[in-house]
Amino acid sequence: IAVQSILLGAVERGLGGCIIATIQRERLAKAINLPDRYEILLALALGKPVEIVTIEPLDAGGDIRYWRDAAGVHHVPKRALDDLIINKR
């Protein structure tokens, strides 16, 4: 929740971010002299975006692969909110 809040705040300031979970935690902790009482769960990269990213509705085939068009725009397919919420009545 904390990382999501940081990312939302970053976007409001014109920044972009990426959550990185596949990191060498022990190696990173050693490199930054992190005291043993702390544990690295993930890394968060923040910076100025160098590309335009647009969210696209998921196509009928359900393909979630990202793609770039001829202009270099990065298209990111996402499921609709209604497809994610289970409504039991």
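1. Some vocabulary to begin with: a residue is called buried when its relative accessible area is under 20%, exposed when that area is over 50%, and partly exposed in between, using a 1.4 Å probe and protein chains only. By that yardstick Asn33 is exposed, because its relative accessible area is 66%. Asn33 is found in the loop between helix H2 (25-31) and strand S2. Its phi is near 55°, a positive value in a residue other than glycine. For background, most residues other than glycine have a negative phi.

2. A word on what you're looking at. This is a predicted model, where local features need pLDDT of at least 70 and side-chain atom pairs count only at pLDDT 80 or more, while totals for chains, interfaces and linings use all residues. Residues are numbered from 1 along each chain as its sequence is written, and side-chain values use heavy atoms, with hydrogens and water left out.

3. Now the overall layout. The chain has three helices and five strands, and from the N terminus on the elements run α-β-α-β-β-β-β-α. Helices (H or I, at least four residues) and strands (E, at least two) are DSSP runs, numbered from the N terminus.

4. How does the radius of gyration of the chain compare with that of a compact globule of 89 residues? The chain has 18 Å, whereas such a globule would be near 12 Å. The radius is taken over C-alpha atoms, and the globule rule is 2.2 Å times the number of residues to the power 0.38. Along its principal axes, the C-alpha trace spans about 50 × 45 × 25 Å.

5. On burial and surface: buried residues make up 13% of the 89 residues. The accessible surface comes to about 7,900 Å², and 57% of that belongs to carbon and sulfur atoms. These areas come from the Shrake-Rupley method with a 1.4 Å probe; for residues, only the protein chains shown count as cover.

6. Contacts next, meaning heavy atoms within 4.5 Å. Among contacts between residues at least 6 apart in sequence, 32% join residues at least 24 apart.

7. The sheet deserves a look. Three strands form an open sheet in the order S3-S5-S4, with mixed pairing. Strand S3 (53-57) and strand S4 (67-68) stand at the edges with a single partner strand each, so one side of each is left without a neighbour in the sheet. Two strands count as paired if DSSP finds at least two bridges between them. S3 and S5 run parallel and are joined by five bridges, while S4 and S5 (residues 74-78) pair in the antiparallel sense over two bridges.

8. What links S4 and S5? They form a hairpin with five residues between them, and Gly72 in the turn has a positive phi of about 85°. Across the S4-S5 pairing, Trp67 stands opposite His75 and Arg68 stands opposite His74.

9. Is His74 buried or exposed? His74 lies in strand S5 and is buried, with a relative accessible area of 11%. The strand as a whole is mostly covered, with four of its five residues buried. Val53 stands opposite His74. Not counting residues up to four places away in sequence, His74 touches Glu51, Ile52, Val53, Thr54, Tyr66, Trp67 and Arg68. The C-alpha atoms of His74 and Glu56, 18 residues apart along the chain, are separated by 9.9 Å.

10. Over to strand S2 (residues 43-47), where Leu46 lies. Leu46 is partly exposed, at a relative accessible area of 46%. Leaving aside neighbours within four places in sequence, its contacts are Ile6, Leu7, Ala10, Gly16 and Gly17. By contrast with those contacts, take Leu81: the C-alpha atoms of Leu46 and Leu81 are 35 residues apart along the chain and separated by 26 Å.

11. Finally, Ile6, which sits in helix H1 (residues 2-12). Ile6 counts as partly exposed at 42% relative accessibility. With neighbours within four places in sequence set aside, Ile6 is in contact with Leu44 and Leu46. Ile6 and Gly17 are 11 residues apart in sequence and 9.0 Å apart in space, C-alpha to C-alpha.
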